[in-house]
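Let's take a walk through this structure by way of its aromatic rings. Have the model open so you can follow along.

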Amino acid sequence: YIKELKEIGADYVLNMKDENFEKEFKEVTKSLDCKKVYDAICGEFTGKLVWLMPKKSNIAVYGVLGNDPKVHVDFWALLSQGTTVSGFWLSTVVPEHPPEVIARGFQTIFAGLRGNYASTIQKVFKFEDAIEAIQYASENGSKGKILLSVDGK
């Protein structure tokens, strides 16, 4: 999906499975002076990020897309890099802030997304064909939304 993401305006798109991922990741984070990353994968990937990020960075883990809920980080890597790893879960952050602050944050996010991003519908299935829809989604990746129609359209 690198091509598609670049077509809709992404400046940097990296694939962690690419041979040059680590080199490219280091180059991008260095050029952007990036010291914060949000990790949706967890597991061993988090440990790799500790070494890839610049020293004194922060990694906020917020998902388990790698199906491994344990953060595999070498303690010595944390010490030598000065990196912190923390958990981030939106439902625990929101109550800590006044409603007007949260509202402003969401308004800023939505304003930035308006007109720039839209969902693409890849295919629509009748509700009774839900099993076929699931099979289709697992075979065709996520190039768009797979919808179930309850009115048969």
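Are Phe21 and Phe25 buried or exposed? Keep in mind that you're looking at a predicted model. In this model, Phe21 is buried, and Phe25 is buried too. You'll find both of them in helix 2, which covers residues 21-32. They sit four residues apart there, or about one turn of the helix.

Now for the rings themselves. Searching the whole structure turns up five aromatic pairs. One of them is formed by Phe21 and Phe25: their ring centres are 5.5 Å apart and their planes meet at 45°, so the pair counts as tilted, since that label covers angles that are neither under 30 degrees nor over 60. This pair also has company, as ring pairs link Phe21, Phe25 and Phe45 into a cluster.

Next, hop over to Tyr38 and Phe88, another aromatic pair, this one edge-to-face, with 5.9 Å from centre to centre and 75° between the planes. Tyr38 belongs to strand 1 (residues 36-39), while Phe88 is in the loop between strand 3 (84-87) and helix 5 (90-93), so this pair ties together parts that lie 50 residues apart in sequence. How do these two residues fare for accessibility? Tyr38 has a relative accessibility of 48%, so it counts as partly exposed, because exposed would take over 50%. Phe88 is partly exposed as well, with a relative accessible area of 30%.

One last stop involves a charge and a ring. The charged end of Lys123 sits over the ring of Tyr136, at 4.9 Å from the ring's centre.

Conventions: Residues are numbered from 1 along each chain as its sequence is written. This is a predicted model: local features need pLDDT of at least 70, side-chain atom pairs count only at pLDDT 80 or more; totals for chains, interfaces and linings use all residues. Side-chain values use heavy atoms; hydrogens and water are left out. Rings of Phe, Tyr and Trp (its six-membered ring) pair if their centres lie within 6.5 Å; planes under 30 degrees apart count as stacked, over 60 as edge-to-face and the rest as tilted. Helices (H or I, at least four residues) and strands (E, at least two) are DSSP runs, numbered from the N terminus. Buried means under 20% relative accessible area, exposed over 50%, partly exposed in between (1.4 Å probe, protein chains only). A charge sits over a ring if NZ of Lys or CZ of Arg is within 6 Å of the ring centre and within 35 degrees of the ring normal.
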